[in-house]
Structure formats: structure tokens, C-alpha cells
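Here's a quick tour for anyone meeting this structure for the first time. We'll begin with the whole chain and then zoom in on one spot.

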Amino acid sequence: MNPPVPVNAWLAELSDIARRAGAVVMEVYAGEWHLRTKADSSPVTEADELAEALIAAALASMAPDIPMVAEEAFADGRSPAVGERFWLVDPLDGTREFIQRNGEFTVNIGLIDHGRPVLGVVYAPAIDRLFTGAIGHGAWVEDAQGHRDIRCRVAPAEGMTVLASRSHGDESALKEFLQGRHVAETRYSGSSLKLCLLAEGQADLYPRFGRTMEWDTAAGHAVLSAAGGHVSDLSGDELRYGKPGFENPNFVASRR
């Protein structure tokens with residue numbers, strides 16, 4: 001049996017790791033960088049690789065017995081065997097947003113326990129917003145206005161605010177899914193910020209049609225769950241982690 005997670009200590013340390021990785025990302029962002037294409041045709045930059053190396057070293061020092069599955073290592077064919085507890089890391093979620101220089105990219109670190117995300121840190125370095133969450137403890141945001149609790153909202157009477165991917169997704173599938181629902185507004189955003197905006201009570205529904213990987217969603221899923229939300233597949237079953245290939249099905253995120 002795994003020992004209990006020291007939530008407060010780990011959230012503080014993970015927040016520091018995410019901020020340091022974010023600083024590395026922003027150093028690259030501010031300068032000249034080279035874009036390459038991976039075998040799956042997705043883009044990668046030096047920022048992805050440098051941030052992942054920093055996070056990998058820090059997690060190995062903090063929790064040496066917990067394996068880490070990370071996007072760039074997985075793309076290179078390096079994926080450890082995982083058990084009941086493991087890290088999922090996306091060092092730069094929203095690489096297309098990084099390339100387009102719109103600021104909507106994040107550093108994601110999530111802890112999986114028995115198939116569920118239980119602890120998550122999402123840092124958006126370009127806008128200096130840090131989201132953290134732990135199941136059973138709560139969720140928080142830290143930004144220019146300070147550090148505060150966050151919670152999913154009840155959808156307003158005038159209609160839901162729906163979130164959609166800025167760079168990915170299927171517009172026709174989204175339109176079909178929303179038919180008959182009381183929607184006031186659809187907003188487009190990049191990266192795991194969408195899950196965090198739900199957790200913060202800034203929106204109500206995020207349906208995702210199209211390919212995502214577990215490291216794209218784990219940290220934001222943990223924050224959202226800790227804030228009173230959930231993520232389910234289109235059959236209504238909770239999204240699980242540690243699946244073969246680490247690929248997610250289509251999903252819907254909302255208030256629980």
C-alpha cells in the first residue's frame with residue numbers, strides 16, 4: 001500500500017517546480033527558438049524539452065519511488081512501467097499557443113493514484129497564474145490578486161458559458177453536442193486553462209472532441225475535481241488514467 005500523500009508539502013514543492021519550469025519556458029519564449037515536428041506530427045520546441053528535464057529531475061528528488069510519464073520522454077519511446085501511483089507531466093501544454101505567442105500555454109504536473117488524478121498543479125507562466133488542487137482538500141489560484149480558494153459555479157439562469165479548444169477540436173461535433181442546451185456564450189481557449197476556468201467558476205461546460213493524451217488533462221482534472229467538478233467520457237463514466245497508450249477518449253468536463 002502506498003503511504004499517504006503529504007498534500008501541503010507536495011503542493012508547495014510542486015508549485016515551486018512548476019514556476020521554475022515556467023521560467024525556463026519564458027526564457028525560450030522571449031528569444032529565438034527552433035520548431036521541430038515529432039513522429040505524431042505534433043510540434044515541439046526547446047521549451048518543452050528543457051522544462052521537462054527540470055521537472056523530471058525535481059520529481060525524482062522529491063519522490064524517487066514514483067515513476068513519471070511525460071510527454072516528450074514518451075514521444076522518444078521512454079515510458080516507465082506504472083503502478084497504482086505515478087506522475088503525469090506535460091511540460092508545455094499548448095505548444096501551438098506558444099508558437100502563436102498568445103500566452104495560453106501551461107506547465108502541468110498531476111499525480112495519479114488508483115487511476116484517478118488526486119493532486120494537480122497547472123501554471124500559466126505568460127500570465128503568471130498558478131492553479132493547484134488536491135482531492136479532499138480544495139483548489140486554489142494564485143495570481144496578481146493574491147491566493148484564494150476556487151470552486152465550480154452553478155450555471156447562471158441566462159445560460160451556460162461553454163469552453164472550446166482554440167487550436168484543436170471538432171466544430172461540427174461540438175455544435176451537435178450543444179443542441180438543445182441553454183448556452184449563452186462559447187469561449188475559445190488553449191491548453192489545460194479550460195479545465196482551470198471551470199474550476200474557477202468562470203465557465204460551465206467543456207466538451208472535448210478530438211485526440212488528447214493523459215498528460216494533457218491529469219493536472220487540470222485534479223484541480224477541477226478538487227473544486228467540485230468532474231470529467232467523464234461520453235457514456236458518463238469518470239475519465240480514468242493509466243490506460244494503454246495513455247490516450248483519452250472524447251470527454252466532457254463540468255461541475256459535478
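## Inside and outside

Keep in mind that this is a predicted model. The protein has 256 residues, and 55% of them count as buried. Its accessible surface adds up to about 11,400 Å², with 50% of that belonging to carbon and sulfur atoms.

## Overall build

What's the protein built from? Its secondary structure comes to seven helices and 16 strands. Measured out along the principal axes, the C-alpha atoms fill a box of roughly 50 × 45 × 40 Å.

The radius of gyration is 17 Å, which agrees with a compact globule, because a globule of 256 residues would come in near 18 Å. As for how the chain meets itself, take the contacts between residues at least 6 apart in sequence: 64% of these join residues at least 24 apart.

## Charges

The protein carries 24 positive and 36 negative charges. The mean positions of those two groups are 4 Å apart.

## A look at Ile 135

Where does Ile 135 sit? You'll find Ile 135 in the loop between strand E7 (129-134) and strand E8 (138-143). Ile 135 counts as partly exposed because its relative accessibility is 40%, which falls between the 20% cut-off for buried and the 50% cut-off for exposed.

Which residues does Ile 135 touch, leaving aside neighbours within four places in sequence? Its contacts are Pro 117, Val 118, Ala 222, Ser 225 and Ala 226. Ala 70, on the other hand, is 65 residues from Ile 135 in sequence and 22 Å away in space, going C-alpha to C-alpha.

Definitions and conventions: Residues are numbered from 1 along each chain as its sequence is written. This is a predicted model: local features need pLDDT of at least 70, side-chain atom pairs count only at pLDDT 80 or more; totals for chains, interfaces and linings use all residues. Side-chain values use heavy atoms; hydrogens and water are left out. Helices (H or I, at least four residues) and strands (E, at least two) are DSSP runs, numbered from the N terminus. The radius of gyration is taken over C-alpha atoms; the globule rule is 2.2 Å times the number of residues to the power 0.38. Buried means under 20% relative accessible area, exposed over 50%, partly exposed in between (1.4 Å probe, protein chains only). Contact means heavy atoms within 4.5 Å. Accessible areas come from the Shrake-Rupley method with a 1.4 Å probe; for residues, only the protein chains shown count as cover. Lys and Arg count as positive and Asp and Glu as negative; His and the chain ends are not counted. The place of a charge is taken as NZ of Lys, CZ of Arg, CG of Asp or CD of Glu.
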